[in-house]
Amino acid sequence: MSTLRGRGTVRGLPEWDRCAVMGVVNVTPDSFSDGGRWFDTAAAVKHGLELVAEGADLIDVGGESTRPGASRVDEDEELRRVVPVVRGLVSEGVAVSVDTMRAKVAEQSVAAGAALVNDVSGGLADPDMVPVVAAAGIPFVVMHWRGFSASMNSLAVYDDVVADVVTELRRRMDAVVAGGVAPERIVIDPGLGFSKNTAQDLTLIAHLDDLRALGRPLLVAASRKRFLGQVLAGRDSAPPPARERDAATAAVSTVSALAGAWAVRVHEVRASADAVRVVRAVEGAA
């Protein structure tokens with residue numbers, strides 16, 4: 001069983017005594033899970049506060065869907081969606097992460113008080129992202145990424161998914177550090193569902209220790225994703241809707257916490273918040 005010492009810490013963020021829970025607020029009309037429900041700024045802020053009340057340690061605010069096949073939103077629209085929500089949550093004392101692939105959105109969100117930049121492209125989508133993050137001295141999530149949503153399904157080709165993801169993440173981490181981001185501010189994310197099929201996602205979850213061997217805190221973002229729907233469907237039925245995958249998400253949160261993940265990113269917070277607290281209690285009793 002993993003120990004608390006193995007989770008790692010991220011300079012610039014609080015230190016939790018267990019796997020942290022990152023709640024998701026999608027300020028979009030078209031996210032695969034809950035698009036449109038929190039599209040209004042006031043509704044999005046209210047939802048973020050509700051997630052904190054349910055046990056979230058930080059809130060990840062995003063204004064662009066990255067589901068497979070999604071088209072990109074323009075920069076001005078993403079700014080309009082995201083920055084007021086970040087500002088509103090920060091004003092309520094919430095630790096906020098901004099989920100964006102655009103340097104300008106990251107920069108303005110950090111100016112509004114965001115404490116973490118979560119870029120699913122790991123800085124590859126916008127050449128200005130790494131310099132902006134480095135200049136801000138802000139923590140940065142480097143996710144394994146091979147391409148934009150429109151083409152990601154065709155990129156799920158690996159010789160060995162674990163070894164290849166580890167190699168590609170290490171290469172990206174090195175590039176981010178070379179770009180000026182302090183290593184102690186980097187979080188890594190295996191990118192479940194991004195250029196990966198169900199078998200590959202499950203294999204990565206089974207081998208989280210290999211990812212932790214990269215030496216940086218690990219964020220696991222499995223919430224409501226397609227692979228969970230396919231696991232639950234079995235062979236003879238349709239996958240359940242995204243919002244019916246929360247128990248399965250909490251199961252992955254448990255597995256991730258036991259494997260020493262630094263945080264899990266989830267849409268429905270309470271079950272995962274309970275799960276990581278139980279894991280902490282078990283670890284404390286060992």
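**Exercise 1. Find how far apart the mean positions of the positive and negative charges lie in the protein chain.**

Start by counting: the protein chain carries 31 positive and 37 negative charges. Then take the mean position of each set; the two points are 2 Å apart. Keep in mind that this is a predicted model.

**Exercise 2. Work out whether the protein chain is as compact as a globular protein of its length.**

First, take stock of the elements: there are 10 helices and eight strands. Next, the globule rule gives 19 Å for 286 residues, and the radius of gyration is 17 Å, close to that value, so the chain is as compact as a globular protein of that length. For the extents, look along the principal axes: the C-alpha trace spans about 40 × 40 × 40 Å. Now the inside: with buried meaning under 20% relative accessible area, buried residues come to 55% of the 286. As for the outside, the chain exposes about 11,500 Å², with 52% of that from carbon and sulfur atoms. Last, check the contacts with a separation of 6 or more: 70% of them link residues 24 or more positions apart.

**Exercise 3. Trace the strand order of the sheet and name its edge strands.**

Walk across the open sheet of eight strands and you get S6-S5-S4-S3-S2-S1-S8-S7, with parallel pairing. The ends of that walk are your edges: strand S6 (186-189) and strand S7 (219-220) each pair on one side only. Now zoom in on one pair: S1 (residues 20-26) runs parallel to S2 (residues 58-62), joined over five bridges. To pin down the register, pick Met22, whose bridge partner in S2 is Leu58.

Technical notes
Residues numbered from 1 in each chain as written. Predicted model: local features only at pLDDT ≥ 70, side-chain atom pairs only at ≥ 80, totals over all residues. Heavy atoms only, no water. Helix = DSSP H or I, 4+ residues; strand = E, 2+ residues; numbered from the N terminus. Rg over C-alpha atoms; globule rule 2.2 N^0.38 Å. Buried < 20%, exposed > 50% of the residue type's maximum accessible area, 1.4 Å probe, protein only. Contact = heavy atoms within 4.5 Å. Areas by Shrake-Rupley, 256 points an atom, 1.4 Å probe, with all protein chains shown as cover. Lys, Arg positive; Asp, Glu negative; His and termini not counted. Charge placed at Lys NZ, Arg CZ, Asp CG, Glu CD. Pairing = 2+ DSSP bridges.
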